[in-house]
Every structure is written in C-alpha cells, then in structure tokens.
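I set out to record what I looked up in one structure, entry by entry. The structure is shown first.

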Amino acid sequence: MNSTLQHVVIGGSAAGVAAALSMRASGFQGRISIIDAGTDEPYERPPLSKTFEDLAAPRPIVPASSYAQHGIDLILGAQVVKLDEQHHRVVLDTGDDLLAAAVLLATGVSPRRLDIPGEDLGNILTLRDIHDARAMSQRLDAGGHLMIIGGGFIGLEAAAVARRRGLDVTVVEALPMPLAGVLGTELAQILQQMHTREGVRFLTGRTAARFHGGTEVEEVLLDDGTRWEASTVLVGCGVVPNDRLAGEAGVYTRAGVVTDAHGRTSSPWIWAAGDVSNYVSPYTGRRQRIEHWDVAQRHGTVVGANMAGLETVNTAVPYFWSDQYGKRLQMYGRRSAGDQLVMRPASSGEDFLAFWLREGRLVASAGLDRPRELRATKPLIERHALVSAVDLADPAVPVRRLGTA
C-alpha cells in the first residue's frame with residue numbers, strides 16, 4: 001500500500017468514525033483524515049433525545065486518544081464546499097484543499113423542514129445535534145405547552161421526557177397512528193396507549209399549516225383549522241439525506257447517495273456509508289436508507305474495509321432501540337406488509353415480545369423490556385430460521401430453543 005495516499009472521510013458521524021478505524025484495521029497505510037463542520041469531537045447522537053440531561057460534555061464515539069493512536073487526522077470546524085473529482089481534491093471553506101485518493105461521504109441526514117409560514121419563529125426546534133439538545137433542555141426547564149409535530153421515535157422520546165418533567169404535551173401525527181409503518185398497527189397502538197396513559201395528547205391525521213407569534217411561537221394552526229397554544233414546538237417530521245456534495249459532484253443520488261453493496265457510488269473516487277447511503281439491504285431485499293445508529297456503525301465498518309481493499313458486505317441484522325418512560329423498545333430485522341405477526345403474551349404490565357414470519361421464516365422481532373429473550377432471536381433472523389408460530393406464541397418455549405436450520 002502506498003503510504004502517500006490519503007483517504008478523506010467527510011462527516012464525523014458513527015459511520016464516518018467507524019469507517020476510518022476500519023480502514024486502518026484492514027491494512028490501509030496511507031493518511032486518513034476526518035473532516036467535520038462541528039467543533040466537538042465526534043459524539044454519540046442517540047442519548048441526545050432520551051433524557052436531555054448531562055449535555056455539558058457529549059459522550060464521544062471513541063476516546064480522543066484513538067485518533068492519534070490509529071494515525072487519523074481529525075479536522076473540526078471545517079466545511080467541505082466542493083468535491084473536485086477531476087483533480088481529486090476536497091475543497092474546504094477555509095480556503096484549503098486536500099488531495100485524496102478516495103473520499104467517503106458519511107454526512108448523515110438533516111431534519112426535514114415543514115416549509116410553512118412562521119417556521120423561523122423562536123422556540124421552534126429540531127433535534128439533530130448537541131446544540132439542538134441543549135436548546136430543547138432549556139425549553140423543557142421553561143415549562144409550558146410542548147407541541148411535537150411528528151410522532152416518530154425522536155418525537156415520542158421527547159414527549160416521554162417532557163411528561164416526566166410535568167409539561168403539557170401534544171403530538172401531531174399525519175398518519176392514523178404513530179410508528180405504524182415501522183411496528184405495524186398492533187404494536188404502534190400499544191405504544192400510543194402507553195403515552196396516552198402518561199398524559200400525552202395525540203392529534204392524528206393532521207399536520208401543522210402555520211405558526212403564529214411575535215418573535216417566538218405562541219400558537220400552531222393545524223391543517224384542519226384548529227389552533228393550539230404552544231410555548232415550544234419540536235418538529236420531528238423525518239429527515240433528508242445530506243447528499244448535496246454528491247449531487248454537485250455528478251454522483252448518482254436518489255433519496256440519498258446510491259451505492260452498491262460495498263459502498264461504491266457511481267464515481268470510482270467517491271464512496272458513501274451510513275444514513276446518507278441508499279443501498280440494498282440483505283434483510284429487506286430492497287434499496288433503502290436505514291437511519292439507525294447501530295446500522296450506521298456497522299455499515300461504516302464494512303465500507304471502510306472495502307476502501308482499504310478488503311472486499312466485504314454488510315450482513316448484520318438491522319437493529320434499533322428507543323427509550324421511553326424508563327422502558328426500552330428494541331427491534332431486530334425489518335417487517336414488511338403481509339408478514340405474519342405473532343405475539344407472545346406479556347409477562348407483566350406493558351412489556352411485550354413480537355415476531356414476524358415470512359413464509360414460515362423469522363424475519364424480525366421486537367420487544368419492550370424483554371432484552372434477553374429478544375437477543376436470542378438475532379441468530380434466528382440471521383439464518384432465516386423456520387420457526388413454528390405456535391412455539392413463538394408459547395411462553396413456555398424458551399426463545400433460544402426455537403428454529404430449525
């Protein structure tokens with residue numbers, strides 16, 4: 001390997017850091033640089049929406065010493081403004097540029113804007129980085145009525161924290177039920193009922209049409225004409241991939257940066273990993289972006305190895321978790337419409353264990369406060385095990401004993 005070569009990673013994200021470390025572990029001897037527009041060392045994003053506490057120093061993805069230890073240059077506070085493929089240069093807003101043998105886009109996603117009147121009023125927040133989390137924490141301390149536009153995981157986690165702090169919380173969701181697309185109607189209903197019992201108000205089948213106020217938001221007008229007072233608004237209506245650099249460089253994009261199974265884009269010079277990458281998941285068989293921390297880290301590790309010349313693909317089962325009211329929701333795999341849902345009766349309270357079968361094979365599982373049993377389903381999903389629906393539903397049958405090769 002030519003030690004004069006340089007690989008440039010754009011984005012100090014979970015995927016970006018994992019890829020840089022993987023390049024080195026896979027034998028790449030050249031220079032590795034991570035460029036990030038933020039001034040904080042790369043940090044973990046999932047904790048930001050789960051408690052809104054201990055935000056003075058975010059939890060680092062890896063110890064600060066790891067970058068020097070592995071010969072990785074961390075360039076913070078610099079924005080990449082152009083990818084010059086012809087000259088293989090990465091141009092920064094500082095006026096500097098870096099010569100690169102290969103570039104990895106690990107730029108992640110940004111919160112989707114509503115693009116409605118009044119969206120720039122004060123106390124209308126999104127949640128993506130540590131600064132957003134600190135602003136949200138201050139608004140939770142201020143109290144008042146919190147309106148959450150969008151009933152995804154970030155919105156529901158914020159709702160749980162806000163209710164525990166005594167705020168009046170309303171969630172506005174365009175779909176008939178929050179999270180039904182991810183979990184299906186039956187499990188989504190369980191989560192919605194949990195929030196309702198905690199005092200969260202849901203307005204489903206509606207969305208925001210306009211924000212009113214002086215310098216700060218005071219009222220939200222919904223598309224059905226109703227008006228709701230609000231001291232704070234959290235907009236959590238999904239995300240958009242940060243694929244501008246790729247598009248301007250002539251790379252093929254479609255709902256993200258389109259890559260093959262190894263992370264390669266339509267340009268031999270540019271690769272992509274993590275939330276910004278649109279690739280065919282081996283567990284869904286369809287091209288998509290999977291926006292979860294664990295998936296991004298694993299995908300970054302695989303793409304970094306490929307950039308170092310070690311051919312591999314991302315075969316890990318997709319996994320995510322969400323903390324709400326002191327309970328942990330976890331899921332392995334991905335369900336699709338038409339999969340058979342099998343529920344194992346709750347052992348107590350609101351906990352549950354759910355399974356999805358496709359042609360008799362286990363393709364996904366989810367659990368609320370059932371970590372040990374759920375973890376036992378991962379190898380079954382990995383090998384597409386044939387599993388009896390009767391056994392899945394029977395609490396007397398240990399999960400670890402399920403499945404046939």
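My entries below cover the domains, a pocket, a cavity and one residue, all read from a predicted model.

**Entry 1: domains.** I began with the domain assignment of the protein chain. The assignment gives domain 1 as 2–110 + 239–307, domain 2 as 124–235 and domain 3 as 326–401. I then looked up how domain 1 and domain 3 are placed with respect to each other. Their centres, taken over C-alpha atoms, are separated by 33 Å. I also checked for contacts between this pair, and found five residues of domain 1 in contact with six residues of domain 3.

**Entry 2: the second largest pocket.** I noted a volume of about 530 Å³ for the second largest pocket. Which residues lie nearest its centre? I found Pro47, Lys50, Thr51, Glu53 and Asp323 there, out of a lining of 25 residues. By class, I recorded 12 nonpolar, three polar and 10 charged residues in this lining.

I next asked which elements supply the lining. Helix 4 (153–164) and strand 22 (319–324) each give at least two residues. The largest share, four residues, is that of helix 4.

Where does this pocket lie with respect to domain 1 and domain 2? Both domain 1 and domain 2 give residues to the lining, so I place the second largest pocket between them.

**Entry 3: enclosed space.** I searched for cavities of 30 Å³ or more, and the structure holds one. I noted about 40 Å³ of space in the largest cavity. Its lining consists of Tyr279, Ser281, Pro282, Tyr283, Ile290, Val295, Asn314, Ala316 and Pro318. Sorted by class, I count seven of these residues as nonpolar, two as polar and none as charged.

**Entry 4: Gln6.** I closed with a single residue, Gln6, which belongs to strand 1 (residues 6–10). Is Gln6 buried or exposed? The relative accessibility of Gln6 is 8%, and the cut-off for buried is under 20%; Gln6 therefore counts as buried.

I then looked for polar partners of its side chain. The side chain of Gln6 makes a polar contact with the side chain of Ser33 at 2.7 Å. The Gln6 side chain also reaches the backbone oxygen of Leu99, at 2.8 Å. Leaving aside neighbours within four places in sequence, I listed the contacts of Gln6 as Phe28, Arg31, Ser33, Leu98, Leu99, Ala100, Ala101 and Ala102. Ser33 and Leu99, the partners noted above, are thus among the residues in this list.

Notes: Residues are numbered from 1 along each chain as its sequence is written. This is a predicted model: local features need pLDDT of at least 70, side-chain atom pairs count only at pLDDT 80 or more; totals for chains, interfaces and linings use all residues. Side-chain values use heavy atoms; hydrogens and water are left out. Buried means under 20% relative accessible area, exposed over 50%, partly exposed in between (1.4 Å probe, protein chains only). A polar contact is a pair of N or O atoms within 3.5 Å; within protein, one must be able to donate a hydrogen and the other to accept it, and residues adjacent in sequence count only if both atoms are side-chain atoms. Contact means heavy atoms within 4.5 Å. On a 1 Å grid over the protein atoms alone, a cavity is a set of points where a 1.4 Å probe fits but cannot get out, and a pocket is an open set with protein on both sides within 12 Å along at least five of seven lines; lining residues have an atom within 4 Å of a point. Grid points are joined across faces, edges and corners, and a volume is the space filled by probe spheres set on the points. Ala, Val, Leu, Ile, Met, Phe, Trp, Tyr, Cys and Pro count as nonpolar, Asp, Glu, Lys and Arg as charged, and the others, Gly among them, as polar. Domain bounds come from an automatic or database domain assignment.
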